[in-house]
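Good morning, colleagues. I would ask you to look at the sequence and the structure together while I go through a few local features.

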Amino acid sequence: MWLKHRGIFLREFIRLEGRCGQASAQSCLECNRPSPEYRCEDCLGSELYCTTCILSAHVRHPLHRLQRWNGQYFEQTSLKTLGLRIQLGHTTGQKCLNPQRAFNDDFVVVDTRGIHEVALDFCNCATAESHVQQLLRISWFPSTTSDPKTAATFSVLEQYHLLSFESKISTYEFYHALRRMSDNTGLLPVKDRYESFLRMIREWRHLKMLKRSGRGHEASGIDGTAEGECAILCPACPHPGKNLPADWKDAPRQWLYGLFLAIDANFRLKRKAVSNDNVDPSLSRGWGYFVEEDAYKGFLHDSADSIQEKSTCSSHAAVNMADTKSNRGLAVTGLGTIDCARHNMKRPNAVGDLQKGERYINMDYLFFSTLRHTVLDTLNISYDIACQWHKRLWHRMSAFPFSMHLSHTVKTVSFFVPKFHLPAHIEQCQTSFSFNFKSGVGRTDGEAPERGWANINPVASSTKEMGPGARRDTLDDYFGDSNWKKLVGLGSTMLRKMKDALPERENHREAFEDLDDGLRGEYGATLEQWREQVEAWERDAAQPNPFERKAESITMASVRLELAREDQIDLQTGTYLALHEDCTPSVLISTGLELEEQQWRMKADRAGLGVHATDNQEGKMLQRSNTLRRRIDAWGKMQELYMPFLAALRASEASVSNNVAAAPEAIKLWLPSHISRTSPCDTRLQAIEWKLRYGQAHDALRSLRSNLRALTAILKYKDRHLRGQGANTRARNTLKAVEARIEAAASTYEHARKSLVVLAPRVNQTQSGWHSSLRPLDRADIRSMTDILWGESEGTRKLSWIWSMRGAAPNEMDNDNTLEDMRIEWCKARARAMRWAEEVELLKEEMRRILQFFEWDAQRWDERGLGNALQLDDADQHEGQMAYAKRQAVLRRMLAESFKTSWADTLALVDTFEDMDLST
């Protein structure tokens with residue numbers, strides 16, 4: 001569409017290079033003076049004005065860019081060149097009786113439209129404020145406090161501030177973009193104020209942090225700021241005195257008030273060995289997310305001789321290589337952090353530099369530092385090497401200052417490995433440190449820091465060149481913005497999580513109840529033992545872990561032996577079939593099913609020969625084919641005794657096919673399920689076939705389960721023990737044989753169930769409930785107990801219905817560790833149902849906490865506004881503080897109301913589900 005009109009755009013672009021219809025204008029539009037020649041690039045319209053009028057129009061817009069018509073084209077000029085002077089300290093447009101020019105009458109202003117040279121006069125009256133204050137009161141930020149010659153407008157600082165958060169643009173790139181806006185040719189001199197702009201934006205970040213944290217409203221002022229006080233807290237996390245009930249310590253469900261922490265390190269955020277803390281100190285002293293640097297480095301220096309323990313798990317590089325990581329040319333090799341694990345927000349005093357890898361001593365300090373800000377009794381700690389890190393944590397704590405000690409003996413502290421990292425650990429860790437199996441954690445995954453690194457990593461190219469103080473201040477600001485964005489987005493985030501959790505809770509509860517009901521009939525006492533075992537482990541992790549497998553009796557040799565025995569049975573049944581002279585109906589139908597199965601096997605074997613079969617193979621296949629044909633013919637004659645109408649049906653079929661004999665595996669056997677309801681078939685035969693098909697379906701399911709277990713065992717054995725091409729080739733051949741039997745069992749089941757569907761209404765079995773144990777078999781259902789479908793995880797997966805064991809024989813549950821397999825899967829199904837139920841409860845509690853936190857924060861801002869109104873003498877300062885405090889309070893209440901409205905319908909649905917649960 002636009003392409004058809006691009007010519008119009010181009011013509012208008014070029015038209016604006018001229019005077020746009022005013023070439024014939026002889027006088028100024030405002031005062032009628034002759035020869036108007038100036039226009040403004042930033043004002044609306046392209047009219048031409050005389051010198052006097054253009055200056056008058058820009059008294060309130062002194063940073064607009066002007067153009068002058070020189071008779072042939074427009075050229076750049078400035079308001080300073082035309083004589084505009086900017087007077088500070090008085091009402092705009094008012095002259096000062098005692099003006100003082102800026103130093104050398106050379107003042108530079110950095111603005112969103114470029115870098116400007118202006119003529120600036122300070123007020124030098126007896127009552128005048130300082131030069132710095134005069135600049136700040138017109139929203140210009142001075143580069144220095146002593147005789148400033150440069151300033152940046154608040155608007156350009158705010159613009160860069162937000163752009164740096166969203167696009168990670170460096171100060172260098174932004175400043176030079178402004179410089180090119182002033183001159184994109186290099187022909188005109190533009191004053192270089194890059195160093196000044198760097199300093200101003202750093203100070204701007206710092207002041208914004210102080211203002212937003214309320215330090216300007218506190219009687220103790222900036223110097224009274226406590227460590228971590230400028231950090232933005234997570235409203236959804238528990239904060240006693242802020243968003244928890246008064247009696248939370250006595251609540252029965254303490255897990256609802258647990259704190260979730262996630263520990264991680266980032267080795268992208270390096271810093272080169274440039275500058276030092278004496279030359280470039282931080283503007284804050286641990287007021288935000290970084291720990292206080294002097295105490296941190298002092299402790300590390302005193303603990304320099306500590307030895308890093310080696311990993312006994314999976315040779316974690318984070319543990320074993322912590323002391324050997326190269327730091328050549330680097331003052332900092334990375335960053336360690338402790339985050340809120342459920343909401344991905346940085347915590348106060350929880351970030352610190354790493355000097356040489358991910359050493360325990362660094363991570364311990366960050367951990368104990370941030371926990372000084374909480375008195376909660378339940379702690380859930382996630383760390384990708386938690387299995388190693390936690391072992392001597394409390395012993396290492398004794399080396400820390402007493403103020404950082406944690407009363408762990410009176411707290412419930414649990415350690416976890418994040419879900420994505422867990423598969424890299426040994427099997428014991430995968431059950432002992434899994435979020436999926438421990439109670440009270442909902443669907444927490446512990447991967448919060450990993451999600452945050454993607455947002456902060458792009459600034460690494462800038463921060464690695466900074467001095468230590470500038471880097472910490474910059475990263476503190478980025479972390480604060482990240483927390484704020486997550487805070488204002490909690491409304492949609494929590495709503496999405498609740499909408500995901502509700503159906504999952506119902507689905508996994510139904511799946512567990514289905515499995516539990518399927519086992520309870522024959523294994524009720526065993527179920528109670530399992531329940532007692534898993535509940536004991538949940539109360540005390542020292543108890544036997546019900547999720548761990550004790551032994552595996554299935555080996556490669558046993559699988560090969562079982563396959564050989566089955567092949568022996570196939571050979572025996574393929575060479576001899578007894579047909580009694582006095583054939584009963586049950587024998588007739590039973591024999592018919594056996595013949596049907598032989599037909600399937602012959603069809604599969606014939607397909608497996610391919611097009612290059614040997615004469616020997618062809619001969620054996622022909623012998624089997626002839627034998628099967630004779631048996632079918634003999635059986636067909638007996639069948640006609642019970643189903644005489646089949647003689648005419650077969651004769652009719654033969655005439656249609658011109659008496660061409662079909663291959664034996666293609667001969668239709670005309671069992672009762674193959675005959676239409678209009679044909680006169682004895683109901684006894686239909687009932688017999690229904691019973692036999694019912695047993696056949698369960699036999700097929702048992703075979704399917706057995707071969708799936710064998711397949712899993714072979715794959716595990718192959719992965720752990722087999723090396724070399726020969727061994728792996730033999731294993732692949734065994735796998736192919738097992739997979740073929742899985743396909744055969746699935747095909748047998750599908751055929752048996754199809755026959756049951758046909759026969760059920762004829763034998764009055766439509767309401768007998770057989771559908772619940774013999775369901776339609778999809779390809780996705782044919783999987784082992786531990787297989788996970790695409791898009792599923794351990795916490796979202798469902799056990800295939802084929803393992804529900806309805807109709808399973810008791811001895812099947814006792815062989816090949818099936819009972820142990822079922823115990824583990826029953827425990828996992830129970831855990832999945834419980835975690836999703838806990839997730840809904842946690843989300844409800846977090847939503848309540850968010851609303852209460854906003855109200856607490858709003859009241860705090862109300863108190864700040866009222867408190868300072870009684871202390872200050874400056875009326876304007878009073879009004880500013882009152883206005884800011886009121887705006888912040890109203891903002892918190894608006895956020896709370898917005899969240900509450902968006903959550904209302906979903907929370908009502910949650911309450912409805914809970915009422916239904918209570919009624920049942």
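Strands β1 and β2 are joined by three bridges, and they run in the antiparallel sense. The second of these strands, β2, covers residues 66-69. One residue pair can be picked out on your screens: Tyr-38 has Arg-68 of β2 as its bridge partner. Please bear in mind throughout that this is a predicted model.

These two strands belong to an open sheet of three strands, ordered β1-β2-β3, with antiparallel pairing. Which strands lie at the edges of this sheet? They are β1, residues 38-40, and β3, residues 74-77, and each of them pairs on one side only. From one strand to the next, the twist averages 35 degrees.

I turn now to a second pair of strands, further along the chain. β15, which spans residues 378-383, pairs with β16 over five bridges, here in the parallel sense. Within this pairing, Leu-379 stands opposite Val-413, a residue of β16. Is β16 mostly covered or mostly uncovered? Strand β16 comprises residues 412-416, and four of its five residues are buried; the strand is thus described as mostly covered.

Finally, let us consider the surface. Trp-2, Leu-3, Ile-8 and Phe-9 together make a nonpolar surface patch of about 430 Å². Where in the chain does Trp-2 lie? Trp-2 is found in the segment that precedes helix α1, whose residues are 6-15.

That concludes the features I wished to present, and I welcome your questions.

Conventions: Residues are numbered from 1 along each chain as its sequence is written. This is a predicted model: local features need pLDDT of at least 70, side-chain atom pairs count only at pLDDT 80 or more; totals for chains, interfaces and linings use all residues. Side-chain values use heavy atoms; hydrogens and water are left out. Two strands pair if DSSP finds at least two bridges between them. Axes are lines fitted to C-alpha atoms, for helices over the stretch in contact, and angles run from 0 to 180 degrees between N-to-C directions. Patches are made of residues with over 30% relative accessible area and no salt bridge: like charges are joined within 9 Å, nonpolar side chains (Val, Leu, Ile, Met, Phe, Trp, Tyr) within 5 Å. Accessible areas come from the Shrake-Rupley method with a 1.4 Å probe; for residues, only the protein chains shown count as cover. A salt bridge is a side-chain nitrogen of Lys or Arg within 4 Å of a carboxyl oxygen of Asp or Glu. Buried means under 20% relative accessible area, exposed over 50%, partly exposed in between (1.4 Å probe, protein chains only).
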